[in-house]
Amino acid sequence: MKKKIRSANLYQFLLLLLVIVGLNTLGKFLFWRFDLTSEKRFTLSSTTKEKLKNLQDVVYIKVYLTGDLPAGFQRLSSATRDMLMEMKSYAGQNLEFDFIDPSALADSKQRNELYNQLADKGLQPTNISERNAEGTSERILFPGAILNYLSKEQPLLLLKDRMGASAEEMVNTSIQNLEYEIINAISKISTRKPATIGILHGQGELDKPYLADFYKSVSASYPTHYVQIKNQLNALKDYDCLVIAKPDSAFDEKDKFIIDQFIMRGGKVLWLLDMMSADMDSLARKNEFIAIPKELNLDDMLFRYGVRLNKDLVMDLQSVPIPILTGYVGNRPQNSLLPWFYYPLVTPTSKHPIVNNLNAIRFAFAGSIDTIVSAHINKTILLQSSRYCKTVQSPVVVDLNILRKEPDEKEYRNPPVNLAILLEGSFRSNFANRIPYQIATDSIIGFKAEGKPTSMIVISDGDVIRNDYKRSSNTVYPLGLDRYTGQFYGNKNLLLNCIDYLCDNSGLMTLRAKEFKLRLLDKTRFNPDKKMLQIVNVALPVLLIILFAMIKLLMRKKKFS
């Protein structure tokens with residue numbers, strides 16, 4: 001009898017061992033993952049999986065977010081590690097990563113050199129103040145990563161800053177954007193033939209030093225060049241996307257025709273246009289100036305495409321502060337930061353991937369945009385002013401003295417006005433039925449009256465793309481940096497998202513719409529019941545185990561009595 005039991009146990013053990021070995025062998029070739037979260041936060045999209053499976057070489061990622069971190073950054077670090085491990089399960093040996101603590105170097109000189117290298121590569125440092133028994137200490141963190149692929153390098157910022165958001169909300173936003181940020185960086189660095197960006201020059205646009213940070217940021221991902229049309233039919237044939245940044249002179253009809261046909265052939269355009277001549281430099285010597293309309297000769301084109309940029313200025317109580325001389329202490333001038341209503345501070349409310357979860361964006365002397373009924377064109381409002389705004393029609397007297405008195409809030413109770421619009425669809429040429437038959441049928445010109453499906457973005461302020469520049473020292477300041485407050489606005493991220501969306505044919509931008517629920521502890525409910533909750537969580541499991549043991553003991557006694 002004992003021999004049979006021993007043989008049966010041996011057979012069961014061998015069978016169990018065979019099943020385990022078989023499952024492990026099968027697991028090398030097949031794997032299953034179960035995402036039990038309601039929003040499927042751990043499930044990669046099909047686009048991401050396809051990108052990872054099609055990598056042709058190794059992408060090596062150095063993540064500089066590890067070590068002794070505060071709780072929020074530790075959560076972001078853990079989420080980043082989990083995401084990279086999930087991606088590696090699809091990319092295999094073509095994705096490698098390491099977590100590096102830049103503060104771990106004992107030598108302060110080497111540590112500072114590494115800090116400077118990371119900053120030069122595009123990783124913005126974050127200063128963290130910590131209180132301990134000895135006082136307050138500051139630490140420098142680099143919540144970002146550097147991607148390497150072949151001979152190319154790409155920075156990746158993991159922490160997304162948002163004005164007015166709590167630390168928990170910023171970490172949550174950063175975590176929910178992880179899949180998009182990582183796979184977008186991998187896609188940019190590994191794409192063999194990325195889209196080519198042209199920045200229009202020759203129409204009085206912003207000078208190159210004021211576009212330097214945008215140019216540097218975009219050229220890290222896309223081949224980018226300044227381009228002049230000069231009536232050359234093929235001037236734009238090598239470009240996929242055209243950026244028109246604050247032109248100051250009227251376009252002639254030939255150049256308009258070339259841009260129009262560029263769009264008809266599927267070209268993308270990012271328009272950043274000022275319809276009023278207004279600039280803070282005009283207030284350098286006196287307290288007021290008159291803003292008058294610009295004649296860019298683009299009204300008919302934009303109207304045909306589906307929008308109208310009005311000859312007005314938007315004033316918004318939710319605005320960016322500027323330094324104003326408010327008095328003297330002895331012989332020393334005293335400046336105060338006061339809200340300048342002509343500089344709207346726009347907080348995105350749309351859930352569109354271009355602006356979802358972006359930081360507030362700084363505008364300067366922006367105008368309003370109206371949409372026009374046009375067939376086959378989808379219009380999406382990306383950015384609007386706040387509800388506390390008004391528009392002033394041309395000509396506008398811009399006077400600094402408005403800061404010396406409280407605004408009448410009744411005047412600023414108008415509906416929000418449009419400041420940025422996305423247009424998508426098959427546009428009709430502005431020159432359809434307007435050009436001679438010989439030109440319309442010329443095979444060399446190849447005129448198209450109806451365009452291929454494409455997209456464009458219209459922003460009613462050219463200064464959104466402008467970075468500060470100090471001529472005396474040839475210093476280029478980061479795009480979106482407010483030199484007076486030290487605040488970083490979301491201008492750069494907005495523009496990079498615009499370029500990514502216009503040039504993205506794989507649907508990666510849709511990943512930015514993924515949202516996670518932030519399940520925070522209800523402190524108002526937790527504090528009064530703190531002791532009770534602690535007792536329940538500590539004592540209840542022990543009592544349940546004791547109860548289960550007693551029931552089991554009684555059952556055994558009853559069975560063998």
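This is a short tour of a predicted model, stop by stop, with something to select at each one.

**Stop 1: the four-stranded sheet**

Start by selecting β1, β2, β5 and β6. These four strands make an open sheet in the order β2-β1-β5-β6, with mixed pairing. At the edges you'll find β2 (95-99) and β6 (152-157), each of which pairs on one side only. From one strand to the next, the twist averages 20°.

Now zoom in on the pair β1 (residues 59-63) and β5 (residues 144-149), which run antiparallel and are held by five bridges. Show Tyr60 as sticks and look across to β5: the residue opposite is Asn148.

**Stop 2: the helices lying across that sheet**

Add α3 to the selection. Helix α3 lies across β1 and β2, and its direction is at about 160° to β2. Then bring in α6 (residues 178-190). This helix lies across β1, β2, β5 and β6, running at about 165° to β6.

**Stop 3: the nonpolar cores**

Next, pick out Ile61, Ile186, Leu270, Ile354, Ile459 and Leu494. Within the largest nonpolar core, which has 80 residues, these six touch the most other members. Which helix gives the most to this core? It is α3 (residues 71-91), with eight residues.

Stay on Ile61 for a moment and display what surrounds it. Beyond its neighbours within four places in sequence, Ile61 has contacts that include Leu84, Leu95, Phe97, Ala145, Leu147 and Ile186. Glu96 and Asp98 are also among the contacts of Ile61.

There is a second, separate core to colour as well: it has 32 residues, among them Ala235, Met275, Ile369 and Ile421.

**Stop 4: Gln176**

Go to helix α5 (residues 167-176), where you'll find Gln176. Is Gln176 buried or exposed? Its relative accessible area is 5%, so Gln176 is buried. Draw a distance line from its C-alpha to that of Ala79: the two atoms are 9.4 Å apart, although 97 residues separate them along the chain.

**Stop 5: the three-stranded sheet**

Select β11, β12 and β21. They form an open sheet in the order β11-β12-β21, and here the pairing is antiparallel. The edge strands are β11 (276-277) and β21 (396-399), each pairing on one side only. Between β12 (residues 288-293) and β21, count four bridges. For a landmark, label Phe289, which stands opposite Val398 in β21.

**Stop 6: the cysteines**

Show the cysteine sulfurs. How many disulfides does the structure hold? Zero. Take Cys498: the closest cysteine sulfur belongs to Cys241 and is 9.3 Å away, so the two are too far apart for a bond. Cys498 has a relative accessible area of 0% and is therefore buried. Cys389 is buried too, at 1%.

**Stop 7: Asn491**

Finish at helix α11 (residues 491-503), which contains Asn491. Asn491 counts as buried because its relative accessibility is 2%. What does its side chain meet there? One polar side-chain atom lies 3.0 Å from the backbone oxygen of Arg362. The backbone oxygen of Val464 is 3.1 Å from a polar atom of the Asn491 side chain. To complete the view, show the contacts of Asn491 outside its neighbours within four places in sequence: Ile361, Arg362, Val464, Leu479 and Gly480.

Terms used. Residues numbered from 1 in each chain as written. Predicted model: local features only at pLDDT ≥ 70, side-chain atom pairs only at ≥ 80, totals over all residues. Heavy atoms only, no water. Helix = DSSP H or I, 4+ residues; strand = E, 2+ residues; numbered from the N terminus. Buried < 20%, exposed > 50% of the residue type's maximum accessible area, 1.4 Å probe, protein only. Polar contact = N/O pair within 3.5 Å; in protein donor to acceptor, adjacent residues only side chain to side chain. Contact = heavy atoms within 4.5 Å. Pairing = 2+ DSSP bridges. Core = buried A, V, L, I, M, F, W, Y, C linked by side-chain atoms within 4.5 Å. Disulfide = S-S within 2.5 Å. Axes fitted to C-alpha atoms, helices over the stretch in contact; angles between N-to-C directions.
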